[in-house]
Structures are given as structure tokens and as C-alpha cells.
Amino acid sequence: MIKKLLIAVAAVLLSATANAQFERSKIFIGSSLTGLDLSYNGKNKTDFGLQAQTGYFFSDNLMALAQAQYQHYGNDANADEIMFGVGGRYYITQNGIFLGASCKFVHAYHNYNDFRPSVEAGYAFFLSKTVTVEPAIYYDQSFKKHSDFSTIGLKVGIGVYLFRD
């Protein structure tokens, strides 16, 4: 009985801590490793990427995001991509789970351009009051060639939530 009570108290305290971080006027800075051989698409099989993000909470639990990403493909270095995008996240108040959507412009070195809408679901696990580890699963939809360039994958990020005075 006491063990269940302690677990319930810990869950309430953790959710209260997470809730305080998703308030209006906070700034988010994050970086993610994408792929890590954990993403797959029909053309390139495996990949590795680095993503940088910055965001602003324009309302409680709602964040606007800007992002940049570099993607390296193991099968063909000439197919490496640079991506720029905008999007948003909604944080479920009680627990740190977030849902995101974005649209990215993709340019590959061999003159390939694409717009890719993307969705993600993840969790902001707080290591301190401002620093998080954020695992997420994502899906990017290609408009150019669905079977070769649409991607599902896992990314792990580090986030910093700052209060703007």
C-alpha cells in the first residue's frame, strides 16, 4: 500500500514539474540525432542525421518551431539532404507527451527538391528544471516519390526550455 502511495505521489510531482515548463513565453532550443540506423526508406535503406530546432510557446502547451536538418545516407553520399522547416508542437499538460507537425523543404545535392509534411509523437523527459531528453517517432511524407523518400524513424533529442523575461 505504501509503495503504491509513493508511486502516485512521484507521478503527481513529475507531472507538475513537466507542466510548469510548457508555459507561454518560454523558448525552446533543441538538437536531435535522427536515424542512427533506426529509420528506413525504400531508396537509401539506412541513414544518419542531425537536426537543430528552436521554438517559442505562443500559448500554454503550444509551441511554434523552426528547424534545420542535415541527413547523410550511407548508400550514396551524393544523395545527402539539407532540410529547412516550420511546424508546431502540442504538449499534453499532465505528462510531457507531445504531438508535432511540420512542413520541410528538402534539397539534395543532385538537384532534387521536395516538400515533406511530417508528424511526430514523443516524450519530454526532464533531467532538470530546464533540460530534457526527448525520444520521438516520426513520419515524413514525400510528395516526389512516396516509395523511395517517405520515411519513418526514431530520433533522440536534447532540449532546453528557457524562460524569456
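1. **A term to start with.** A residue is buried when its relative accessible area is under 20%. Over 50% it is exposed, and in between it is partly exposed. The points below lean on these words. Please keep in mind that this is a predicted model.

2. **Overall build.** The protein has two helices and nine strands. The order from the N terminus is α-β-β-β-β-β-β-β-β-α-β. A helix therefore opens the series, and a strand closes it. Of the 165 residues, 39% are buried. Long-range contacts carry weight in the count: among contacts with a separation of 6 or more, 52% join residues 24 or more positions apart. The accessible surface is about 9,000 Å². Carbon and sulfur atoms account for 69% of that surface.

3. **The core.** Which residues make up the largest nonpolar core? There are eleven: F22, F28, F57, M63, L65, Y91, F98, A124, F126, A136 and Y161. As a general matter, nonpolar side chains in soluble globular proteins tend to be buried together. F28 is a good residue to start from when looking at this core. Setting aside neighbours within four places in sequence, F28 touches M63, L65 and Y161, among others. M63, L65 and Y161 are themselves listed in the core. The contacts of F28 also include Q53, T54, G55, R89, E134, G159 and V160.

4. **A nonpolar patch outside.** Nonpolar residues also appear on the surface. Y56, F58, L62, Y90, I92, I97, L99, Y123, F125 and L127 form a patch of about 870 Å². Strands β2 (47–59) and β5 (97–108) each give at least two residues to this patch. I97 is one of the patch residues, and it sits in β5. Its relative accessible area is 33%, so I97 ranks as partly exposed.

5. **P135 in a strand.** P135 belongs to strand β8, residues 131–140. Is P135 buried, exposed or partly exposed? Its relative accessible area is 34%, so P135 is partly exposed. The C-alpha atoms of P135 and Y123 are 6.0 Å apart, although twelve residues separate the two along the chain. Beyond its neighbours within four places in sequence, P135 contacts A121, G122, Y123, K155 and V156. Y123 thus turns up twice, since it is also part of the surface patch.

6. **Salt bridges: R89 and E120.** Side chains of opposite charge can pair when their charged atoms come close. The count here is six salt bridges. In one of them, R89 pairs with E120, with 3.5 Å between the closest N and O atoms. R89 is in strand β4 (81–91) and E120 in strand β6 (112–123), so the pair ties together parts 31 residues apart in sequence. R89 has a relative accessible area of 4%, so it is buried. E120 has 11% and also counts as buried. The pair belongs to a wider network of salt bridges that links R89, E120, E134 and K155. Two members of this network have appeared above: E134 is in contact with F28, and K155 is in contact with P135.

7. **Salt bridges: two further pairs.** D140 and K104 meet through their side chains at 3.4 Å, N to O. This pair links distant parts of the chain, with D140 in β8 and K104 in β5, 36 residues apart. D140 and K104 are both buried. R116 and D114 form another salt bridge, at 3.3 Å, N to O. R116 and D114 are buried as well.

8. **Two loop residues.** N61 deserves a look. N61 is not a glycine, yet its phi is positive, at about 70 degrees. N61 lies in the loop between β2 and β3 (62–73). Its relative accessibility is 11%, so N61 counts as buried. S150 is also in a loop, between α2 (146–149) and β9 (151–163). At 10% relative accessibility, S150 counts as buried. What joins the side chains of S150 and Q141? A polar contact of 3.4 Å does. In addition, a polar atom of the S150 side chain lies 3.0 Å from the backbone nitrogen of S142.

Methods: Residues are numbered from 1 along each chain as its sequence is written. This is a predicted model: local features need pLDDT of at least 70, side-chain atom pairs count only at pLDDT 80 or more; totals for chains, interfaces and linings use all residues. Side-chain values use heavy atoms; hydrogens and water are left out. Helices (H or I, at least four residues) and strands (E, at least two) are DSSP runs, numbered from the N terminus. Buried means under 20% relative accessible area, exposed over 50%, partly exposed in between (1.4 Å probe, protein chains only). Contact means heavy atoms within 4.5 Å. Accessible areas come from the Shrake-Rupley method with a 1.4 Å probe; for residues, only the protein chains shown count as cover. Patches are made of residues with over 30% relative accessible area and no salt bridge: like charges are joined within 9 Å, nonpolar side chains (Val, Leu, Ile, Met, Phe, Trp, Tyr) within 5 Å. A salt bridge is a side-chain nitrogen of Lys or Arg within 4 Å of a carboxyl oxygen of Asp or Glu. A polar contact is a pair of N or O atoms within 3.5 Å; within protein, one must be able to donate a hydrogen and the other to accept it, and residues adjacent in sequence count only if both atoms are side-chain atoms. A nonpolar core is a set of buried Ala, Val, Leu, Ile, Met, Phe, Trp, Tyr and Cys residues joined through side-chain atoms within 4.5 Å.
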